[in-house]
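Here are some short exercises to work through with the model open beside you. Try each task before you read its solution.

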Amino acid sequence: MTQSESKKIAKKLKDEKKYVEALEIYERLWTEVKDAWTGYFIAVCLRQTDQLDECREFHLKFNLLFPNMLPMKTELLWLDYKQLIKNYKNQNFEEDGEKILAQCDQYSSDTGRVYIKTVLGVVMRLDDKPNQKLKWLDKLDQSILDNNVFRFNDISYPADRKRYFIQYAYALISLGSYNGYIADQMSRLGFSGEKHTAFYKVISKSFNFEYDGIPKIYIKPLALVLKNLSEEINLRKKRNAEIIYSRNKRLSVSDLSHFKYCPVSYAINRTFRVYSPESWQKDEWKREKIYLVDRYKIFHKSKDIKLAFNDTNIEMNQDTLDKFNAIFESKIELNNATTKEVKIMEGSDKNISGAPDYIFLHPKGARFVVTEKFSRYQSTDFKNPFESDLIKHYSFIEHFNNYKLSFGLFLTWYYTHQIVEDGKDDEKKIVIIDYRLTKVSLDQKSRNLLQTTMNDVDKFSKTQFLEVNGQQLSQPIKCLNCSVISYCHHKTGRYNEVSLPYEILPLQDI
């Protein structure tokens, strides 16, 4: 077998995390030819198999042959991190952490990850020193932290960003300073007077509870509050949001929904590329979130509708069986809910576009559009859908005649958190406990609502100016659950005009 063939086999084993087998091949290759990359992969495999002393000795020998290989210098930092920071017997972890950081740059593509992991690794060991914990956390620029959930053995673990704010929450709780911290941050964002009080009351309620009459704090909800405040402050400081505004943009179904929900939301979504906050809870789903299309596939594979809902606490009564049987016996013609490449549909008059979650064709010939949503059980839309959601269906039925849509279905899955019986202490997972399926059709009232909204959006788009009642727009529960809260200064109730493109205001001095 040639060296090239052996390297391919070793790389495949390494990529599959079979480090012991890969190491055996790399070490044989190293005895034949002292190749820099072969040596690098030996170091990686030694570290991954916890042969840390052997790994450090190999680094010394390698450095004599290849003293300037940058990836190997970074690999040595990873060895330092594992041997000095992750080693809980090492009591000099702070001092060692400082030495590692001195050789890293958190913004570097080479050493940035080592910097971040070192800070978070040190922070995790400072529970009895909250001031030190905060000092170390403040070394990190939270805006660069990863939002991607880490998966190991089919279990999801929090992203670095979530770990960061959970640790920040722990430190503030230990110091008893979280109330003052939140109040100060709100003042920097422009809240004052009654609005400051009203918003703080709702924010505080999200993470405070009592157990046997003793006040307690929910860590993750408090961490989420800190994340939202920190993200907005960072956005206000840097004012570097990605602008996508185009004055001649074609109207979309989402535009109508955003405008109906709040004209400021429309202006922000029209101006900036807004990223979904969904990743914050992704690790709490325990495994992957299950969508309607996933249940559809389970049903068609097993022919057992109850099996498709086996992971939920939904009561499978006859009404539920009838509703989902009608969906599952239909053919999926379009799935935008889980596909990476979303298919944009064009209205029959070519003046509007949209991307529905699903389109189904029933065996009897009726074609219908489905919108899918996940909401907390305590959500304010539990009894009735918002008009901002329904208007999507009005638009598809009225203006996409070329698709011959007969009606719409608005599906909301309601979830809550439940203790994981076989999990870690106080570990919770998200469980679907109920649903609401609303059939949507057009009547004169809904047509009038749709046309009025389209006219209002068109006028705002052309004039680029809209007068609003700032006090009425500012509603704590609604604003705090809005996906564009970090971009919005109208939530403070102090502004009565909205402009296109939307402007992010600077921070308030306090």
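**Exercise 1.** Which residue in β8 does S252 stand opposite?

*Solution.* A word on the ground rules: this is a predicted model, in which local features need pLDDT of at least 70 and side-chain atom pairs count only at pLDDT 80 or more, while totals for chains, interfaces and linings use all residues. Numbering starts from 1 along each chain as its sequence is written, and side-chain values use heavy atoms, with hydrogens and water left out.

Step 1: find the elements, where helices (H or I, at least four residues) and strands (E, at least two) are DSSP runs numbered from the N terminus. β5 covers 251-252, and β8 covers residues 352-354.
Step 2: check the pairing, which needs at least two DSSP bridges between two strands. Two bridges join β5 to β8, and these strands run parallel.
Step 3: read off the partner of S252, which is S353.
Step 4: place this in the sheet. The order of this open, three-stranded sheet is β5-β8-β7, with mixed pairing; β5 and β7 (345-346) are its edge strands, each pairing on one side only.

**Exercise 2.** Classify the ring pair of F58 and F62.

*Solution.* Step 1: recall the rule: rings of Phe, Tyr and Trp (its six-membered ring) pair if their centres lie within 6.5 Å, and planes under 30 degrees apart count as stacked, over 60 as edge-to-face and the rest as tilted.
Step 2: apply it. The centres of F58 and F62 are 6.3 Å apart with 40° between the planes, a tilted pair.
Step 3: look at the setting. Both residues lie in helix α4 (residues 52-65), four residues apart, about one turn of the helix, and both are buried (under 20% relative accessible area, 1.4 Å probe, protein chains only).

**Exercise 3.** Find the ring face over which R295 lies, then do likewise for K478.

*Solution.* Step 1: the test asks for NZ of Lys or CZ of Arg within 6 Å of the ring centre and within 35 degrees of the ring normal.
Step 2: R295 lies over the face of W413, at 5.1 Å from the ring centre. W413 also belongs to an aromatic cluster whose members include Y296, F299 and F407.
Step 3: K478 lies over the face of Y261, at 4.7 Å from the ring centre.

Note on methods: Buried < 20%, exposed > 50% of the residue type's maximum accessible area, 1.4 Å probe, protein only.
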